[in-house]
2 protein chains.
Amino acid sequence: MRPTVHDIAIKAGVSLATVDRVMNGRPGVREKTKAKVEEAIRSLGYVRDVAAANLAKGRVYPFTFILPLNDNAFMAALRASVEQAGERGRIERTEISIIDVPAFDGDALAKALIAAGEEEPAGIALVAVDADPVRAAVGALKKKGIPVVTLVSDLEDSGRDHYAGVDNQAAGRTAATLLGRFIGPRAGSIAILVGSLSVRDHQNRLSGFSEGMALDFPNLQLTAPMEGRDDAAVAERLVEEALARDPDIIGIYSLGAGNRGLIAALEKARGNGREIVTIAHELSEHSRAALENGLFDAVLNQDAGHEVRSAIRVLKAEADGVPVIAAQERIRIDIFIKDNLP
Amino acid sequence: MRPTVHDIAIKAGVSLATVDRVMNGRPGVREKTKAKVEEAIRSLGYVRDVAAANLAKGRVYPFTFILPLNDNAFMAALRASVEQAGERGRIERTEISIIDVPAFDGDALAKALIAAGEEEPAGIALVAVDADPVRAAVGALKKKGIPVVTLVSDLEDSGRDHYAGVDNQAAGRTAATLLGRFIGPRAGSIAILVGSLSVRDHQNRLSGFSEGMALDFPNLQLTAPMEGRDDAAVAERLVEEALARDPDIIGIYSLGAGNRGLIAALEKARGNGREIVTIAHELSEHSRAALENGLFDAVLNQDAGHEVRSAIRVLKAEADGVPVIAAQERIRIDIFIKDNLP
DNA sequence: CTGAAAGCGCTTACAG
DNA sequence: CTGAAAGCGCTTACAG
């Protein structure tokens, strides 16, 4: 059998309590005693049973997730993942509460952050809006010693401990390469549909996309980005107008949400005999159907479940003061085409 | 606080032992008592703490992984994942041993399976070779009541409990779509490099690819598949010869291992001013470099770590006689291009 | 600075 | 058919 705290205590000639003190770096142990225990741990090749430790601790981690009240499939999936994590909380000793805020509203988010901090949770996760009041609120939380993780959309220079989301610059470049190669040698214009340029993730996707297109596909002209507010109705109208206005459009990159509206516009275009190479974000019931019927050519995706679980792991590590293995927390940019749908 | 077994015992007016019997479906409980306990569980919204249960059980699951002695990066990664899982074993109460067998050798694999079964492990995972002796050996294991999971490569009609790997037919179709669209309207030939047609995963990729190409890209002709035995030297020679023989080759699909050899051949071709659109499998140091320098256009990947962890979860579930949530165990086909490398 | 004892939520012989 | 008690590997007051 594997060595336990008992074995170490015996080998080192001390009590369980002392073993525990050394293992957890708690003060009040003579150097000499500490050395004995550490030697016993090493020589026995001891590895602590985290599950048993958690059980004994009985500690629970109250975490607060602040999520935008955004009516789109991705945010719904994200919310569902958080709720699911809450249900698993018993095992992982987490207690997760969700606070809703209006989407793309920096002031409301900042207020919610301050309020959440009052409760002194063990950690806070937020989908950031790129605004100074938010930065200030995060700074205040950090000053109180509360771990903060940004989720999906990051917030630079805010002092947040970690960002649980994809590299959106890279996502934009990925979209550029796929769109450019799928279109091939033809010349034409590309329409760009964003959600809002007030969030970092959309800004970054746009910049990565523009960069990639300029570099590799001089045959394709980018048109000015349209802001769809991640709203299906707005998106539909904007895309329809753009297609009507500009007959040169042969490709669309939709980097935000509101896929339903985009799909409706593409269907109408197809009805008029016009096929547009299209790349969108986030796999959902709708985007999956669009891939299957050829309205979308590729969908870039971030796994909401992974992001939420990563955020929780990091918050827990921060709360425990143990280091985070960054490489392990990297979130991948999934590419889906009609053939590799999960 | 959340309800525990104690709360249930009190509410139902029984002892802990009886609660445990009902919860775990063990015999020897009067129907009436059982009903009382179940009612208490329901009304209290009880969810068992699996970690505590495992701790109390003290049960360990001895699992055997049978892996091919194959000198390629993917198999190395798979092996590393299994070893890593073994190290985490303390927490998850698993004890994993690895048995090596020669690659692509059905008889050796069958023998290893029989031998592994003698040890009466709690479960066995194998990278299957499509051969009747293997099928028979798996059948014998199942007769002994040992859970069996195929890993990476499946074995139909063998009675295995589960397959932890990607849908390779879909992977082949994915490769076809990407290759065809990247090449565009040009006409030409496509070379196919397989590892061995004695393994199901390679068979399936080939069939999915052929199907996809035939359907969507009549401008592209497939040449006869070359068997590289997942060996870099063999692969290099085969590809070089094919390129020399057939000047019409404008694309390559490499569906097995041996990427180093393929890369060497492509480099030589590039030296001769010949650029070949190439899709390969499995992300490694080499394939990553090839994506970055444009020798590869896309790499399809299966996450070895996911597969191993899934296999273990399933084996454990089978050993415990609890159901597996199939959807949760689906392994994704990752698509990597130069821009979304992790 | 150190230790004896109780307890986290479960399971398992053992006894009846 | 049912229960009292000990124990899994750890942590935590409390006492000294």
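## A predicted protein pair on DNA

Val37(A) is buried, with a relative accessible area of 0%; buried means under 20% relative accessible area, exposed over 50% and partly exposed in between, using a 1.4 Å probe and protein chains only. The model is a predicted one, where local features need pLDDT of at least 70 and side-chain atom pairs count only at pLDDT 80 or more, while totals for chains, interfaces and linings use all residues. Residues are numbered from 1 along each chain as its sequence is written, chains are lettered from A and ligands numbered from 1 in the order in which they are written, and side-chain values use heavy atoms, with hydrogens and water left out.

**Around Val37(A)**

Let's stay with Val37(A) for a moment. It is found in helix 3 (residues 31-44) of chain A. Helices (H or I, at least four residues) and strands (E, at least two) are DSSP runs, numbered from the N terminus. Contact means heavy atoms within 4.5 Å. Setting aside neighbours within four places in sequence, Val37(A) is in contact with Ile8(A), Ala12(A), Val14(A), Thr18(A), Val19(A) and Val22(A). Arg229(A) is 192 residues from Val37(A) in sequence, and their C-alpha atoms are 59 Å apart in space.

The UniProt annotation "domain: HTH lacI-type", from an unreviewed entry, covers residues 3-57 of chain A. UniProt positions are given in the numbering used here, feature names are shortened, and annotations may be inferred rather than shown by experiment. Over residues 3-57 of chain A, the chain is 69% helix and 0% strand, with end C-alpha atoms 20 Å apart.

**Chain A as a whole**

Chain A has 14 helices and twelve strands. Its C-alpha atoms fill a box of roughly 85 × 40 × 35 Å along the principal axes. Of the 342 residues of chain A, 53% count as buried. Among contacts in chain A between residues at least 6 apart in sequence, 69% join residues at least 24 apart.

**The two DNA strands**

Now for the DNA. A residue is near a strand if one of its heavy atoms lies within 4 Å of it. Which residues are closest to DNA strand D? Of the 28 residues that surround DNA strand D, the closest are Val5(A), Asp20(A), Tyr46(A), Arg21(B) and Thr33(B). Sugar and phosphate make up 67% of the atoms of DNA strand D that come within 4 Å of the protein. DNA strand C has 28 residues around it, and Arg21(A), Thr33(A), Val5(B), Asp20(B) and Tyr46(B) come nearest. For DNA strand C, sugar and phosphate account for 66% of the atoms within 4 Å of the protein.

The table lists some atom pairs between protein and DNA. A polar contact is a pair of N or O atoms within 3.5 Å; within protein, one must be able to donate a hydrogen and the other to accept it, and residues adjacent in sequence count only if both atoms are side-chain atoms.

| Residue and its atom | DNA atom | Distance |
|---|---|---|
| Asp49(A), backbone N or O | strand D, phosphate oxygen | 2.9 Å |
| Ala52(A), polar backbone atom | strand D, base nitrogen | 3.2 Å |
| Arg21(B), polar side-chain atom | strand D, base oxygen | 2.4 Å |
| Leu55(A), polar backbone atom | strand C, base oxygen | 3.4 Å |
| Asn24(B), side-chain N or O | strand C, phosphate oxygen | 3.5 Å |
| Arg26(B), side-chain N or O | strand C, phosphate oxygen | 3.5 Å |

The elements giving two or more residues to the surface near DNA strand D are helix 2 (16-23) and helix 4 (50-57) of chain A, together with helix 2 (16-23) and helix 4 (50-57) of chain B. Helix 4 of chain A gives the most to that surface, with five residues. On the surface near DNA strand C, the largest share, five residues, comes from helix 4 of chain B.

What classes of residue make up the surface near DNA strand D? There are 15 nonpolar, six polar and seven charged residues. Here Ala, Val, Leu, Ile, Met, Phe, Trp, Tyr, Cys and Pro count as nonpolar, Asp, Glu, Lys and Arg as charged, and the others, Gly among them, as polar.

**Two more buried places**

In chain B, His281(B) is found in strand 10 (residues 277-281). His281(B) counts as buried because its relative accessibility is 3%. A polar contact of 3.5 Å joins the side chains of His281(B) and Arg205(B).

A nonpolar core is a set of buried Ala, Val, Leu, Ile, Met, Phe, Trp, Tyr and Cys residues joined through side-chain atoms within 4.5 Å. The largest nonpolar core has 46 residues, of which Leu178(A), Phe209(A), Leu178(B) and Phe209(B) touch the most other members.
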